[in-house]
Amino acid sequence: MRLTKLWQNRSPGDRHLSTYFCLAAVRLLLVFVPQLGYVHPDEFFQSVEVMTGDHFRLEHTRTWEFNNSLPVRSIVLPFALLRIPWSFYEFIAECVKTWWHLELLGTYTYVVFPRLIYTLISFSNDYCMYRLCRLYGLRFEIRLLAMGSSWILLVFGTRTFSNSLEMAMCSWLLYLVGDCMLRTRTVVYKKEFLEEKYEKAESISERVRIWKLKNSLPPHNLQHLMAMSTICVAGVFNRPTFLLFGAPMVFFWLLRGLGTRSITFRDFNLRIVLFCLCSLPALLVFIFCDSLYYQHLTLGELHMMHLSIDNFVFTPWNFIKANLDSAQTASHGVHPCYVHLMVNMPMLFNVLALASLGAFAQLLLRFFRAEYQVLPRFQSILSLMSGAIFVPLFFLSLINHQEPRFLLPVTFPLLLLHAPKLITGFSAKYPFQKDHPLLRWFYDRILSSRASEPYLLKIWYVSNVVLTLFFGFIHQAGVYPLAADMSHVVATKPAATHVHLITSHIYSVPLHLINIPSSRVLHFNKQTHQRYRHQRDFYMYEYGGLSLDSLLQKVKLISGNCEVKQSGPSRLRYKLYLAIPASLSADLHEALVHSNASSYLNFELLNVFYPHLSTEAFPRLLGRHPCDVDAPHWAHDDLKGTCAAEQPPALSFAYLNKQFSSFVHQLGLALYEIDVKRKKPLSVVLKKAGVQPLKDLMVSSFQFLICLALCIAAAQAGLIASPVATYAAAPAYATTYAAAAPVAYSAPVTTYAAAAPAYSTYAAAAPAYSTYAAAAPAYTASVYSAPAYTAPVATYAAGAAYAAPISTYAAPAIVSPFLKKK
């Protein structure tokens, strides 16, 4: 009871801190779940795909950024953060495999282990926030709570983005600059105070004591110089956009204390020169390592000292040149200049983005009105954080390609300035200089603490939970299970079998997750101590947002090529798969029927990976008639067709329930296996249907004719005195006749049904007919059963299926017929 009372009587700060620690545990837990959401391909293809593929000699995709002729990405940080830890993990995995026969390397490991490293790095943002708040006497509990509950840390902070590293570097740089600014201000103030005391001292002993106190002051002019210069170099090589984020921070570091008697322009220039000199070691290391990795510099050339400017690679300059090309940036997407300000900022920070934009607008308004006395000091923590937010925001808005993750480094300064507003409201006092009725109403209803304080923290929590669920577990979430499934297919396939995977309307599948040995490098056999090259047996075709008609043409070409290889001298067997969003299954079915490809291509649904949402193929909100009688004649997906049972949908709970169910079933990634339909020999078809083969049928018929001829000859010779009695008493003839052709004579209908493959082909090629037959059992019975045929009127009147389609149409199909496993 006492513990419960103590828990309930905690202060608000303690409650915020307890909640933060729970959220920090959730952030770590989400790494091991793992999150299936796929935020952006750069999560894998800018670091993990290349590093993991190189280290474990797996098939992987090297994007244009890692082109040896003009490399854009530096390899130093990915190598240090992934290749070196992979070496330690591989050693541990080999020991565990030897001692306990457990395999620790696989698709799950390739996803989780790099994310764990980046998640541990993300906690440096929290540490820098805590340290800086303690230095300036700010409330760190609510700021840590806002950082821990932000979907930026829960999703982006746990992913292997270069932007996540950029955010951590900016946080460290802000902390170091803030620490330097505070120390400089403190030391300069004490130094000037002691100088005044020294001048006013009357005795020599007092001057000596003040002089000793002045000399005992800690150094501040070049504090954290080496660490800051190294972080800046690493940040620029990680992402050259770090120049926009780091420039205002370095400027405040150079400018601190300027304007006082102790700091002059000589100190300012000295700091610039020393900062550049301290950056040289890190700069040379990055250039040297990149030149070796991209093979512009070899150890032989280094030993012989045959060096030139062409032997060295400067990846940030290549990055800048590539992004200055408008055609190159347009290939990634062109956005208006206001996207960062109007879309990306609210999506990342929701209510705090509005608070920061409002605060900055108020500062600009006071500046243009020349109200300088109410503006913050230029060399203050408020000015530093404001510059760290809006200077890079302005310059990034001038670039035509804008993504939300580009603004991740803004997280630290924005939360430091505006996180307390989550519990205090937007504004505690009237912020405008003039009292206007409209401004007063806006303040009373929205900005005031009484109006906004009860809702801001709730809105913050709800929006961050929704975005975490969407980007962490729904958006493109079927790609990782697809890669794991393909990994199992490749591992268990028969020998001399190629696997082909076609994808459309989804993000690129990271090849290293499929765990295929690389065919481009030599492998080492530990048993025979020989080197060998693995033959390529997996092929992937990615067609992005290609239309389904064009996609089917690609499927036909690929399957035809595979058939040629299978029928050729190499006899290469194959497995062909297609992965598309489940929302396109109905369209794929219609495209198959329209193109007549279903007559020779068989699409078998193997699995549907839930949940999965592709914004390129968003699920339909309106369904269709469940019978799909005339599916090939549907012109548009607007509930207009030729179905005779079409009725306007009645708004009811059942209708809404099935609409919702239809929408949910489309939130998946469908995996189909494609094979070519082959004609079987007639004898095999007859044996399957239980009919005697044609050869045996001819032999039996020939025996029957011989017996009949002998009987006729005997009757004509007078050997049969009483033909009727003899016939009745002729068991041999009856036995021979019954045994000769029991099937051909007694079951001609069965023989016809089994010997007509065209009918079964038509039934397989027209799912609309099978759907109609499933929806009208009485009608089916009237066709295939004899009593219904003799009394069609009674069967029609009693047929419940005739009235069923009208009532069923009010609730559309839950799942497309093409989205059901056969």
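**Exercise 1. Find what K493 pairs with, and place both partners in the chain.**

Solution. K493 forms a salt bridge with D537, with 3.1 Å between the closest N and O atoms. The term salt bridge here stands for a side-chain nitrogen of Lys or Arg within 4 Å of a carboxyl oxygen of Asp or Glu. Next, locate the partners: K493 lies in the loop between α23 and β1 (497-503), and D537 in the loop between β3 (530-533) and β4 (538-542), so the pair ties together parts that are 44 residues apart in sequence. Helices (H or I, at least four residues) and strands (E, at least two) are DSSP runs, numbered from the N terminus. Finally, check the cover: K493 is buried at 15% relative accessible area, and D537 is buried at 12%. Buried means under 20% relative accessible area, exposed over 50%, and partly exposed in between (1.4 Å probe, protein chains only).

A word on the model before you go on. It is predicted, so local features need pLDDT of at least 70 and side-chain atom pairs count only at pLDDT 80 or more, while totals for chains, interfaces and linings use all residues. Residues are numbered from 1 along each chain as its sequence is written, and side-chain values use heavy atoms, leaving out hydrogens and water.

**Exercise 2. Judge the confidence of the chain.**

Solution. Start with the mean pLDDT, which is 80, with 78% of residues reaching 70 or more; pLDDT is the predictor's confidence in each residue, from 0 to 100. Then look at residues 719-814: their pLDDT is below 50, and this stretch has 88 contacts in the model beyond near neighbours in sequence. Contact means heavy atoms within 4.5 Å.

**Exercise 3. Compare two further salt bridges among the 13 found in the whole structure.**

Solution. Take D587 and R620, whose side chains meet at 2.4 Å, N to O. D587 lies in helix α25 (residues 585-595) and R620 in the loop between β6 (601-609) and α26 (653-665), so this pair ties together parts that are 33 residues apart in sequence. R620 is partly exposed, at 24%. Now turn to K97 and E103, with closest N and O atoms 3.3 Å apart. K97 is partly exposed at 42%, and E103 is partly exposed at 45%.

**Exercise 4. Classify two of the 30 aromatic pairs.**

Solution. Use these cut-offs: rings of Phe, Tyr and Trp (its six-membered ring) pair if their centres lie within 6.5 Å; planes under 30 degrees apart count as stacked, over 60 as edge-to-face and the rest as tilted. The rings of W86 and Y110 have centres 6.0 Å apart and planes at 75°, so the pair is edge-to-face. W86 sits in helix α5 (residues 76-100) and Y110 in helix α6, 24 residues apart. Both are buried: W86 has 0% relative accessible area and Y110 has 3%. For W253 and F275, the centres are again 6.0 Å apart, but the planes meet at 50°, giving a tilted pair. W253 belongs to helix α12 (residues 242-255) and F275 to helix α13 (residues 265-293). To finish, place W86 and Y110 in their wider setting: ring pairs link them with F56, Y89 and F113 into a cluster.

**Exercise 5. Describe the surroundings of G478.**

Solution. Begin with its place, the loop between α22 (449-474) and α23 (479-492). G478 is buried, at 0% relative accessibility. Leaving out residues up to four places away in sequence, G478 touches F609, P611, H612 and L669.
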